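Trainee: I am new to this structure. Please take me closely through a single part of it, step by step.

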There are 2 protein chains.
Amino acid sequence: MRSTMMDAPLQVSRILDHGATVHGTAEVVTWTGAEPSRMTYAEVGRAAARLAHGLRAECGVTGDERVATFMWNNNEHLVAYFAVPSMGAVLHTLNLRLFPDQVAYIANHAEDRVVLVDTTLIPLLARAIGAMTTVRHVVVVGGGDPAPLVEAAGDRITVHRWDDLLAGRPDTYDWPEVDERDAAALCYTSGTTGNPKGVAYSHRSIYLHTLQVCMPEGFGLRPTDRELAIVPMFHAMSWGLPFAAFLSGASLIMPDRFLQAEPIAAMIAAERPTLAGAVPTIWTDLLAYLDTHEVDISSLQEVIVGGSACPPALMHAFAERYDVQVVHAWGMTEMSPLGSVSRPPRGASGEEAWRYRYTQGRIPAGVQARIVGPAGKELPADGTSVGELEVRGPWVTARYVGDDAPDEEKFRDGWLRTGDVGTLSSDGFITLTDRAKDVIKSGGEWISSVELENALMAHPTVLEACVVGVPDERWDERPLATVVLREGASVTAEELRDFLAASVARWQLPERWAFVEAVPKTSVGKFDKKVVRSRYAEGELTVRVLSAP
Amino acid sequence: MRSTMMDAPLQVSRILDHGATVHGTAEVVTWTGAEPSRMTYAEVGRAAARLAHGLRAECGVTGDERVATFMWNNNEHLVAYFAVPSMGAVLHTLNLRLFPDQVAYIANHAEDRVVLVDTTLIPLLARAIGAMTTVRHVVVVGGGDPAPLVEAAGDRITVHRWDDLLAGRPDTYDWPEVDERDAAALCYTSGTTGNPKGVAYSHRSIYLHTLQVCMPEGFGLRPTDRELAIVPMFHAMSWGLPFAAFLSGASLIMPDRFLQAEPIAAMIAAERPTLAGAVPTIWTDLLAYLDTHEVDISSLQEVIVGGSACPPALMHAFAERYDVQVVHAWGMTEMSPLGSVSRPPRGASGEEAWRYRYTQGRIPAGVQARIVGPAGKELPADGTSVGELEVRGPWVTARYVGDDAPDEEKFRDGWLRTGDVGTLSSDGFITLTDRAKDVIKSGGEWISSVELENALMAHPTVLEACVVGVPDERWDERPLATVVLREGASVTAEELRDFLAASVARWQLPERWAFVEAVPKTSVGKFDKKVVRSRYAEGELTVRVLSAP
């Protein structure tokens, strides 16, 4: 039996129109180093219409062409976020942090036709644009000299000024009705191995994800909120905050390129956000700054931390010293990105509540999750069975852009393999411990490298411990523990193994031990386990092998 | 460009599974007069699976057959709410308050095959079931004697016991994937004129509506909430609260048939709801009870009032005497039903905030609204232009069940005509004044009967005033004011007209006046304007016609 309901598509232009009318007096504020730049949501709505007219008239954007942004978090980026999908084109947020050749690869793969660029980013774009083969138009936001772009790309591109492109255009646009499953926005993951892979969000997935972001158990956005959106708009759509702000009526505070602790502190003091979202390192830096400077951050009630796990000490410091609740969120570019938010369940308080806050959080109804063990079999959601986390739902990608079929290494039977290993509790809390590639596959069972590291680092002599899986004839893989001792400390491998035995199952205890000067790190400061494994393989480590205790 | 997102349908079984697992320890509590009956959401999930197996095995329910409920708000009704749509069948909530012949008409129109009935409602159903031509199975919840049903319907029906139907069935069910635009539930409006009309909610509309109900600017449901759901499950799906509870993890408290102030007060004291939803009369009665009895209602933070406009005095009384915020919500069966919620906007406080609370509230992104004037032209959303409110969106019906095309009196160009007259502000607040049928169409302009009534009732001599439109040769319609004076008071029509002139535009002032003993009322206590108009037409009123002042 068919329903009698209206067939109203879920589309980005509805979020724009709602925000620009019903919440027309809400504002977006961009930090500039001098006087902040402000627009009301009504003004953003009018600017979005003018941008869409300009893109159509001057850049020939029609149909589902890709319009890229190479921009910081600022007012104009917000206008583009709404204008491009609303007109039926596809927004592609280019990641400023990638190498120029990666940026060019991504722009070519997506077949970007237009790039919007902040004037401060012209030099950076100039290093990539020569290799961008499909781009025909560049729109410069601000007054900087575009000569480096023309020098790099020649007459293949036409350069426009944002202000000129919008000048004199109508401030309304008859946004087309779209198929809600059509692409609205593109984001590429910065895969550490191989080429970056693209995800195409649909109007439907963005709309549904936006509702979830606004929910009380999501970020809980209201018109009285002011959200400091530090997480870049080129990282997984800034966690959906721009869309969520327009749907909920919460105002937005944008840092542009001012991402150091000092300007962030100044923004908080001046613009009085109630909520903020960023990766942990931003909060670590801010905490250190706050502890040595007098800053009024009393407006701030909650900060959402995502991107990587938040150190518990940071959560406690903000709660105890500044009365700010740090809330863990977990997700992936492939998940729009929101997968879970760590709000303690009903009845949990004190230490128990804190334990929930340390987890990756609880899945909403829009995300289904399961744990799959080494043999490819689904394991119980009992909070203890360890396996790879797999997810599915209406805002989870089914494949990567350009792939005809799902990549078997990343998808299984309609589920996304997250590449993360951990547990799922019966009440929907996810706890992640390792990346799947770092877990040690020993005799058909998995050993968590992170658990061994944490246990080792609790020993008073140990400064750092990095555990990797190394090949083993009998068990397939076994753990190798590499240990950096504290200055002047001394301990034997046997002593450390015996120490571990108090908290780790006997079969998980490492036989192979190496004392090293330092653990090699990646550019973002994580242990570089690939390097450790290769040093072991090349025989560059002095390894002691203990016999069974 | 197609998106890469998963094609995951929005369906009721996802809400059920989420609630029954992630929020499996939340509970539904039903008042029984004795010990309350409790089920966890995990138990509801298992019972829903058993009910679905039982309906399939014993009642032959397959495909999209209609399964009706004739039940109070209780645990078993909640189980049916999830089991029937999740198995792919269609839930049809029959309204206990209708006349038996209307109930039978509705059941026949919907082609109901099964009716689930509370044991306490057997006598009431027995008066209707004889005329229900498509019903083949009745499932009795509770131990009452089903003989009256069999007597009325003969061997056309088979009677089952709920407990027997569920006994020994598997407590999981492989819920089918559905087309999200297929019907999940049916509800008929109790049209005061003509036959009731049916609305078929889809899985999609229920899912989207549920998200909106849970939003901070909706009812703001969290796992820590306990929601007292007084609004009947046979009235517009109990405002979506059962689904919202499972999506959000809020617990539910159900009154069954105990809807008087005393048991409601006892439920609040014993079960400590944080939120509650009901029509205004329930709150009026409760307030009177609370003012004369010692009851602890301190758990209650907010009550949602809908169904009809809430008297401001009631809002103030709950806020000032009991620290309970009364929140106005407006909607229609045709809207799933949520159309707007009256939370004051950012920056409003004191008297201004109260004025917002008196409105019907603010539309969410999922509802578009417009005001259409007498000539069928859209009027500005400026908070002053008066016209009929029209709405559209993914949880608004496009037509009635059985109609091939939208009824032109109720729909216009893809919009639902609400039949309500009022204004829409630029920031999305709806203020309704009249039913469209009661508004006075005078010379191409509209005069609000309710505004005239309120202005008249502010006069110290006036107890009640009812204003209706009556035919006029020159102006098409003109207002007739019928006035009931307070005991012993005396005033002339001229004096009242002069009093009105201070607050009402001159062209709106009534010429026709009648002093009457009483205003005729409908069964729910509203002015019966149809009767007033017909008395005027029949010459039964003594009318004075004033000449222009």
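Mentor: Start with the surroundings of A:Val401 in this predicted model. Beyond its neighbours within four places in sequence, A:Val401 is in contact with A:His109, A:Leu186, A:Tyr188, A:Gly198, A:Val199 and A:Ala200. From chain B, A:Val401 is also in contact with B:Met1 and B:Thr4. The residue sits in a loop, between strand S19 (387–392) and strand S20 (411–412) of chain A. Its relative accessibility is 10%, so A:Val401 counts as buried; the cut-off is under 20%. For a sense of distance, take A:Asp285. A:Val401 and A:Asp285 are 116 residues apart in sequence. In space, they are 36 Å apart, C-alpha to C-alpha.

Now turn to the sheet in chain A. It is open and has 7 strands, in the order S7-S6-S5-S3-S4-S8-S9. Their pairing is mixed. Strand S7 (158–161) and strand S9 (197–202) stand at the edges. Each has a single partner strand, so one side of each is left without a neighbour in the sheet. On average, neighbouring strands are turned by 25° against each other, direction ignored.

Look at the end with S9(A). S8(A) and S9(A) pair in the antiparallel sense, over 6 bridges. One pair to find is A:Ala185, whose bridge partner in S9(A) is A:Tyr201. H4(A) packs on the sheet and touches S3, S4, S5 and S8 of chain A. The direction of H4(A) makes about 150° with that of S8(A). A further helix, H8 (residues 203–214) of chain A, lies across S8 and S9 of chain A. H8(A) runs at about 75° to S9(A).

Stay with helix H4 of chain A, residues 100–110. Its buried residues are A:Pro100, A:Val103, A:Ala104, A:Ile106, A:Ala107 and A:Ala110. Seen down the helix axis, these fall within an arc of 160°, so they line one face of H4(A). What do they pack against? The partners are strand S3 (66–70), strand S4 (90–93), strand S5 (112–118), helix H5 (122–129) and strand S8 (183–189) of chain A. Just after H4(A) comes A:Glu111, with a positive phi of about 60°.

To finish, go back to A:Val401. Its contacts include A:His109, A:Leu186 and A:Val199. Find A:His109 within H4(A), residues 100–110. Find A:Leu186 within S8(A), 183–189. Find A:Val199 within S9(A), 197–202.

Notes: Residues numbered from 1 in each chain as written. Chains lettered and ligands numbered in written order. Predicted model: local features only at pLDDT ≥ 70, side-chain atom pairs only at ≥ 80, totals over all residues. Heavy atoms only, no water. Buried < 20%, exposed > 50% of the residue type's maximum accessible area, 1.4 Å probe, protein only. Helix = DSSP H or I, 4+ residues; strand = E, 2+ residues; numbered from the N terminus. Arc of directions from axis to C-beta. Contact = heavy atoms within 4.5 Å. Pairing = 2+ DSSP bridges. Axes fitted to C-alpha atoms, helices over the stretch in contact; angles between N-to-C directions.
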